[in-house]
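Colleague: Please give me a close look at a single part of this model, namely the pocket region and the annotated residues in it. I should like one connected account that starts from a single residue and works outwards.

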Amino acid sequence: MNLEHHFASLGEAFSSKTLIQPLHEQRLVEFNQSLATFLSIDIKSTETKRILSGEEPLPSSLSMVYAGHQFGGFSPQLGDGRGVLLGEVRGLDGLLYDLHMKGAGPTPYSRRGDGRAVLRSCIREYLASEAMVALSVPSSRALALYDSREAVYRETPEAGAMLLRTSQGHIRFGHFEYFFSQGKQEELDQLIEYCLKHYYPDSLKSESPLEDMLTEVVKRTARMVAKWQSVGFQHGVMNTDNFSFTGETIDYGPYGFMEDYEPNWVCNHSDHEGRYAFSRQPGVGLWNLNCLMRCFSKHLERDQLIAILQCYEPELQSHYDVLMMQKMGLSSVEVLHELLPPLLLILTAEKMDYTIFFRLLSHLEKDNFNPLLDEVVDRQRLSQWLKRYQSARLSESTNWEQAGHEMLQANPKFVLRNYLAHEVILAAEHGDYLPFRRLLNVLNQPFNEHPESNALAQRAPDWGKSLEVSCSS
Ligand code: AMP
Ligand code: MG
């Protein structure tokens with residue numbers, strides 16, 4: 001493993017030296033071999049194994065300091081309260097990737113927390129991040145999962161665990177807010193330079209590198225949120241400290257994947273006001289970018305910053321349109337804009353399962369609507385919509401079957417349903433990781449049929465609909 005230490009070289013203003021503190025009797029229980037191969041990490045090497053797990057102390061490992069707007073209020077100092085950055089490794093694509101351990105023990109930024117993570121939340125993050133990547137949503141990834149015999153206290157004692165994750169960069173909007181709010185101009189400039197060099201080198205060729213980089217950050221964020229909306233993902237805690245400067249989904253906590261379609265859905269039971277409700281995510285993305293742009297008010301004029309922010313909405317809308325056209329087998333934006341809003345009203349009224357609906361739509365035969373009509377109460381309303389849809393699709397493409405085939409590559413059969421995560425967590429807490437691996441396998445290839453795993457494509461049973469997720473992790 002060729003570990004590099006670029007972030008560490010920024011110096012003490014940016015982080016504190018922190019070692020991983022291994023858990024009591026910890027075991028490596030899951031390892032992502034294809035990701036390891038991509039990162040040229042040989043897990044069979046004893047030395048690598050010991051470094052990754054924290055058994056071999058790595059003097060250059062660190063915890064990062066940052067700030068953030070949490071549920072709208074500014075916290076001037078947060079930081080990795082339970083995360084340790086081991087360093088960076090180069091992927092086969094030539095880019096650098098962070099190796100970051102979550103649940104690694106107390107750090108100088110732990111505040112009142114214990115620095116730990118529970119097995120439940122590590123499994124949820126592992127599954128969600130890998131599911132997102134398989135759905136082509138930019139995301140951090142899971143490299144390794146460790147469980148232990150150490151009790152971690154939440155509402156009740158739970159099994160402690162650690163998750164080794166990777167991302168292009170763990171620099172958050174909150175990193176910039178931290179230095180800006182303290183008037184630390186020099187450090188802010190250093191951070192800008194660092195991000196240009198490592199994440200946005202193309203911007204260095206521009207006449208105004210900072211402006212160019214920020215425009216790219218806005219666009220990447222817009223595309224990430226557009227993808228969330230198209231796959232029905234709700235992040236749950238869209239605080240600015242959970243928003244990555246590289247436009248990747250990070251920090252999976254009380255997230256959810258839409259089951260019964262409901263635009264006002266709030267997956268996080270700690271979010272009492274519904275600040276991060278599904279339909280609000282695009283607006284919150286812009287709100288967060290606004291917080292970020294303020295940090296550059298000494299570098300760029302107000303009008304320039306506003307112009308950068310104005311790229312957000314058109315980028316998000318056009319990307320969302322493309323994704324939804326793929327899901328519906330359409331090629332005209334005008335037709336999409338005519339057909340999608342009434343469809344979403346029907347899905348809401350019917351409490352229709354988002355994933356199952358689009359999968360059935362992909363399988364729809366030209367002259368038999370029954371498989372979809374059998375799913376709803378108001379058959380007439382859906383039938384009218386389907387007739388409009390049928391004629392639009394027929395006028396756009398001559399080959400109905402081919403279009404349906406392509407739609408199957410845009411509409412997954414499998415999605416990470418909350419009750420499925422709950423079941424595999426219960427098994428893992430009893431030492432049985434087979435259900436976890438079975439679920440991970442279909443989430444890694446969610447567009448394939450996997451007939452032996454049909455049960456994992458089913459709606460939640462009644463008990464599974466009322467499961468709550470909160471910030472406790
Ligand atoms: P989150 O919303 O989970 O991303 O966490 C918000 C902040 O709280 C971050 O600074 C985390 O590092 C910190 N944090 C969360 N859980 C713990 C914990 N158990 N111990 C220490 N810090 C924590
Ligand atoms: Mg966080």
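**The surroundings of one pocket residue**

Modeller: Asp 251 is buried, because its relative accessible area of 15% falls under the 20% limit. The model is predicted, and what follows should be read accordingly. Asp 251 is found in the loop between E11 and E12. Setting aside residues up to four places away in sequence, Asp 251 touches Arg 165, Arg 172, His 235, Asp 241 and Asn 242. With one of these residues, Arg 165, there is a polar contact between side chains, at 3.3 Å.

The database record is a useful guide to this neighbourhood. In an unreviewed entry, UniProt applies the annotation "binding site" to Asn 242 and Asp 251. Asn 242 and Asp 251 from this set belong to the lining of the largest pocket. A further "binding site" listing, likewise from an unreviewed UniProt entry, names Gly 79, Gly 81, Arg 82, Lys 102, Asp 114, Gly 115, Arg 165, Arg 172 and Asp 251. The largest pocket takes into its lining Gly 79, Gly 81, Arg 82, Lys 102, Asp 114, Gly 115, Arg 165, Arg 172 and Asp 251 from that listing. Asp 251 is thus named in one annotation and again in the other.

The loop itself deserves attention next. Asn 242 lies between strand E11 (233-234) and strand E12 (256-257). A relative accessible area of 10% makes Asn 242 a buried residue. Beyond its neighbours within four places in sequence, Asn 242 is in contact with Arg 172, His 235, Val 237, Ile 250 and Asp 251. Arg 172 and His 235 appear among the contacts of Asn 242, and they appear among those of Asp 251 as well.

Asp 241 is placed in the loop between E11 and E12 too. The feature "active site" is assigned to Asp 241 by UniProt, from an unreviewed entry. Asp 241 has a relative accessibility of 7%, so it counts as buried. With residues up to four places away in sequence left out, Asp 241 touches Tyr 66, Ala 67, Gly 68, His 69, Gln 70, Leu 78, Arg 172, Gly 174 and Asp 251. Several of these partners lead on to Ser 75, a residue in strand E5 (residues 73-75). Apart from its neighbours within four places in sequence, Ser 75 is in contact with Ala 67, Gly 68 and Gln 70, and these three residues are among those that Asp 241 touches. The side chains of Ser 75 and Gln 70 make a polar contact at 2.9 Å. Ser 75 is buried, since its relative accessibility is 17%.

On the other side of the contact list of Asp 251 stands Arg 165, in strand E10 (residues 157-167). Its relative accessibility of 4% is why Arg 165 counts as buried. Neighbours within four places in sequence aside, the contacts of Arg 165 are Asp 98, Leu 99, His 100, Lys 102, Glu 125, Arg 141, Ala 142, Leu 143, His 170, Arg 172 and Asp 251. Arg 172 therefore recurs, being in contact with Asn 242 and listed among the residues that Asp 251 touches.

From Arg 165 the contacts continue to Lys 102, which has its place in strand E7 (residues 96-102). Lys 102 counts as buried at 10% relative accessibility. Not counting residues up to four places away in sequence, Lys 102 touches Arg 82, Gly 83, Glu 125, Ala 161, Met 162, Leu 163, Arg 165 and Tyr 252. The side chains of Lys 102 and Glu 125 are joined by a polar contact of 2.8 Å. Glu 125 is in contact with Arg 165 as well.

Finally, the wider setting. The chain is divided into domain 1 (7-173), domain 2 (179-321) and domain 3 (322-408), and the C-alpha centres of domain 1 and domain 3 lie 41 Å apart. In the largest nonpolar core, which has 124 residues, Phe 176, Met 328 and Leu 361 touch the most other members. Helix H6 (residues 209-231) supplies the largest share of this core, eleven residues. A second, separate core of 24 residues includes Phe 31, Leu 39, Val 84 and Met 162. Met 162 links that second core to the pocket region, as one of the residues that Lys 102 touches.

Definitions and conventions: Residues numbered from 1 in each chain as written. Chains lettered and ligands numbered in written order. Predicted model: local features only at pLDDT ≥ 70, side-chain atom pairs only at ≥ 80, totals over all residues. Heavy atoms only, no water. UniProt positions renumbered as here; feature names shortened; annotations may be inferred. 1 Å grid on protein atoms, 1.4 Å probe; cavity = no way out; pocket = protein on both sides within 12 Å on 5 of 7 lines; lining within 4 Å. Helix = DSSP H or I, 4+ residues; strand = E, 2+ residues; numbered from the N terminus. Buried < 20%, exposed > 50% of the residue type's maximum accessible area, 1.4 Å probe, protein only. Contact = heavy atoms within 4.5 Å. Polar contact = N/O pair within 3.5 Å; in protein donor to acceptor, adjacent residues only side chain to side chain. Domains from an automatic or database assignment. Core = buried A, V, L, I, M, F, W, Y, C linked by side-chain atoms within 4.5 Å.
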